[in-house]
Amino acid sequence: MTAPRLEIRNIVKSFGGRQVVDDVSLTVHAGQVTCLLGPSGCGKSTTLRIIAGVEMQDSGTIYADGQLICDTITRVPPEERSIGLMFQDFALFPHLNVVDNVAFGLRGGARANRARVGDLLEKVGMTRFSQVYPHELSGGEQQRIALARALAPKPKIMLMDEPFSGLDDRLRDDIRDETLAVLKEEGAAVLLVTHEPGEAMRMADEIALMRDGRIVQRGAPYHIYNAPVDKQAAGFFSDINVIRGTVQGALTDTPFGQFLAPGVADGTAVDIVIRPQHLKIDFDRAGRGPNPTPSDGTPARGTVKRARFMGSESLVEFQMDFDGSVLRALIPSVFLPQQGTPLWIMIRRDRCFVFAR
């Protein structure tokens, strides 16, 4: 089996007695995009800097194509690691035009360098700007040039630290998609750091979710979204509703019926987590008592506290009769009931997660 293009094993790093990277291991294969995702301050950027050679780990090892490039004794210099770097500050040279910025650092002959620069400018759609200087470019155009410059030496590994954070929201999605297409075509192993779940879901083949210096869950976007390891992981990807209960006989009683909690000891307090889009209004029973069917489970009544139109959907907040808690539901299209309206609510039982508290 082919060795991973990038592999880090058991990386540890502390600053001032505080451990900011705690036993982090991951692999990235050629042509794969892995997103290191997590809140600010969780150790993502420090991990990236260690891989790049800008920081030195306290312990752990880093390999490229199966070859050791750094441990606490051996250390290949950053410029010899065949690693491309791209950060939120594009750091283009203001005194060089686009062509010279992209060509900076290339070691080949003049003809080969011109061909490589021309090919990359065509890929990122910037050929007509070849003689322009950075201050004459928009943020999106500068991002394209920074990508071309990072890819010019044909790095085996591309490290990207929040590279799209400075872009306008409307432009960001297009730039991300274009960048991803170029990266896939170039075939580098990509490790992208971001704190935005949507960005990770849009770009990644694999997500490594990081918290307090550790990777707490790793997998394909679909898996990590639909099978979160804990309540915090579920809540990082979207708003969540939490219904509290206590386990008895591997079951938890709730106003919405019983939920399975296999392997959880009797008397354990649990949180039942469900996302707002998986709550639904029982319109058939609106204004009258529950009449559940086996497939529906048990509806519970709540009173509308607030309703807001969000564009393609409506967010409705309910104060629940059973305990006064507030649950939020995302309803497709326009649904704006008046404050104080009582309604019966159902939940998608197959979309609920049960976690011990």
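The exercises below deal with the fold, sheets, cysteines and surface of one predicted model.

Residues are numbered from 1 along each chain as its sequence is written. Because the model is predicted, local features need pLDDT of at least 70 and side-chain atom pairs count only at pLDDT 80 or more, while totals for chains, interfaces and linings use all residues; side-chain values use heavy atoms, with hydrogens and water left out.

**Exercise 1. Describe the protein chain as a whole.**

Solution. Step 1: count the elements, where helices (H or I, at least four residues) and strands (E, at least two) are DSSP runs numbered from the N terminus. The protein chain has 8 helices and 20 strands. Step 2: take the extent along the principal axes; the C-alpha atoms fill a box of roughly 80 × 45 × 40 Å. Step 3: apply the burial classes, which are buried under 20% relative accessible area, exposed over 50%, and partly exposed in between (1.4 Å probe, protein chains only). Of the 357 residues, 48% count as buried.

**Exercise 2. Work out the strand order and edges of two open sheets.**

Solution. Step 1: two strands pair if DSSP finds at least two bridges between them. Step 2: a sheet of 6 strands follows the order β6-β7-β8-β3-β9-β10, with mixed pairing. Its edges are β6 (83-87) and β10 (214-219), each paired on one side only. Within this sheet, β9 (206-211) and β10 are antiparallel over 5 bridges, and R211 stands opposite R214 in β10.

Step 3: a sheet of 5 strands has antiparallel pairing in the order β13-β12-β11-β14-β20. Here β13 (257-260) and β20 (353-356) are the edge strands, each pairing on one side only. Strands β11 (241-248) and β14 (269-274) run antiparallel and are joined by 6 bridges; N241 stands opposite I274 in β14.

**Exercise 3. Explain why C42 forms no disulfide with C35.**

Solution. Step 1: a disulfide is a pair of cysteine sulfur atoms within 2.5 Å. Step 2: the closest cysteine sulfur to that of C42 is in C35, 13 Å away, so the two are too far apart for a bond. Step 3: by this rule the count comes to 0 disulfides. Step 4: for burial, C42 has 3% relative accessibility and therefore counts as buried. C352 is also buried, with a relative accessible area of 13%.

**Exercise 4. Place V334 and state whether it is buried or exposed.**

Solution. Step 1: V334 lies in the loop between β18 (326-332) and β19 (342-347). Step 2: its relative accessible area is 55%, so V334 is exposed.
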